[in-house]
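User: I would like a close look at a single part of this protein, described carefully and placed in its surroundings. Here is the model I am working from.

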Amino acid sequence: MGRLVPAVTRALDILELFLDGDGTLSAPDIVRRLELPRTTVHELVTTLAARSYIVPAPGQPGRYRLGVRPYQLGSRYAEQLDLAAEGRQVARSVAETCDETVHVAILEDTDVIYIAKVDSTHAVRMVSAAGRRLPAHCTSVGKMLLAALPEGELAERIPDGTALTAMTPNSITDPAVLRTALAEIRRRGVAVENRESNPDVSCVAAPVRDRAGQVVAALSISVPMIRWSDERRAELEQLAAKGAAELSERLGHRGAA
């Protein structure tokens with residue numbers, strides 16, 4: 001690995017300071033927070049401003065905000081992101097930690113479509129495939145995604161009186177019961193499926209957010225009932241939430257959900 005260039009490191013440190021607070025900084029702020037010499041900060045700020053990485057903050061003499069160049073770089077990065085590819089990488093990491101099957105799925109109308117899957121190494125595991133479509137209300141990923149919808153949009157997709165498909169005896173078939181379940185998911189921030197799409201499998205799921213904070217996918221961990229318990233569920237809920245947060249960060253999301 002090559003040597004880090006101190007001047008470049010300091011310039012990047014300055015840019016990253018703008019991610020916090022109100023998004024504006026003065027040179028004295030930078031000197032204080034990074035504990036750098038005033039002359040060094042002045043030179044770095046002048047260089048960053050000359051390259052449009054920072055610009056004077058309107059109506060705030062002596063203060064700066066991010067310029068157009070970071071936005072252009074971020075936009076180019078976002079254009080290159082592939083949710084499925086990023087999802088596979090994170091799913092692989094989660095699966096290696098828990099040795100259970102991990103999925104990433106998106107919502108389409110009232111169904112979920114699995115866009116990434118990494119299998120458990122156990123002999124007994126969930127049989128599924130990327131590209132598979134299932135009723136959202138029967139899965140943990142689907143319920144997580146439905147819970148993220150605005151109430152009006154949810155009502156349009158699943159009106160009262162709709163006969164929901166049952167995949168197992170445990171599947172929710174009443175929209176009113178589903179709405180109660182979704183409210184609990186919103187409160188807890190994770191979803192649980194108790195043998196609702198497969199009589200031998202339970203799942204947990206957590207939301208994946210994009211850089212605007214919108215829920216665009218969900219990550220789930222599926223476990224055969226022979227390895228399922230309340231203790232195991234609690235452990236996997238935390239792991240699913242951690243994996244979903246990592247994928248969200250890869251998509252540009254920053255901060256609390």
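In which helix do R232 and E235 both lie, and how many residues apart are they?

Analyst: R232 and E235 both lie in helix 9, three residues apart, which is about one turn of the helix. The model is a predicted one, and what follows should be read as a description of that prediction. The side chains of these two residues meet in a salt bridge, with N and O 2.9 Å apart. Their surroundings are not alike in the terms used here: R232 has a relative accessibility of 16% and therefore counts as buried, the limit being under 20%, whereas E235, at 43%, counts as partly exposed. The pair also belongs to a wider arrangement, since E100, R227, R232 and E235 are linked in a network of salt bridges.

Helix 9 itself spans residues 230-250. To place this helix, it helps to begin with the sheet. That sheet is open and has six strands in the order 6-5-4-9-8-7, with antiparallel pairing. Strand 6 (133-135) and strand 7 (191-194) stand at its edges, and because each has a single partner strand, one side of each is left without a neighbour in the sheet. On average, neighbouring strands are turned by 30° against each other, direction ignored. Within the sheet, strand 4 (residues 101-108) and strand 9 (residues 215-224) pair in the antiparallel sense over five bridges, and H103 stands opposite S220 of strand 9. Helix 9 packs on the sheet, where it touches strand 4, strand 7, strand 8 and strand 9, and its direction makes about 30° with that of strand 8. Another helix, helix 5 (residues 83-98), lies across strand 4, strand 5 (111-118) and strand 9, running at about 60° to strand 5.

Strand 8, one of the strands that helix 9 touches, covers residues 201-209 and includes R209. This arginine offers a contrast with the pair in helix 9. R209 is buried yet has no salt bridge, and the nearest side chain of opposite charge, that of D210, is 7.6 Å away; a salt bridge would need the side-chain nitrogen to be within 4 Å of a carboxyl oxygen. The side chain of R209 does, however, reach the backbone oxygen of G213 at 2.9 Å.

The salt bridge in helix 9 can also be set beside others, for the count in the model comes to 17 salt bridges. One of them joins D119 and K117, whose closest N and O atoms are 2.8 Å apart, and D119 counts as partly exposed at 36% relative accessibility. In another, the side chains of E151 and R186 meet at 3.4 Å, N to O. Here E151 lies in helix 7 (residues 151-157) and R186 in helix 8 (residues 175-188), so this pair ties together parts that are 35 residues apart in sequence, whereas R232 and E235 are three residues apart within helix 9. E151 is partly exposed, with a relative accessible area of 48%, and R186 likewise counts as partly exposed, at 35%.

To return to the part you asked about, helix 9 holds both R232 and E235, packs on the sheet, and through these two residues takes part in the network that also links E100 and R227.

Technical notes: Residues numbered from 1 in each chain as written. Predicted model: local features only at pLDDT ≥ 70, side-chain atom pairs only at ≥ 80, totals over all residues. Heavy atoms only, no water. Helix = DSSP H or I, 4+ residues; strand = E, 2+ residues; numbered from the N terminus. Buried < 20%, exposed > 50% of the residue type's maximum accessible area, 1.4 Å probe, protein only. Lys, Arg positive; Asp, Glu negative; His and termini not counted. Polar contact = N/O pair within 3.5 Å; in protein donor to acceptor, adjacent residues only side chain to side chain. Pairing = 2+ DSSP bridges. Axes fitted to C-alpha atoms, helices over the stretch in contact; angles between N-to-C directions. Contact = heavy atoms within 4.5 Å.
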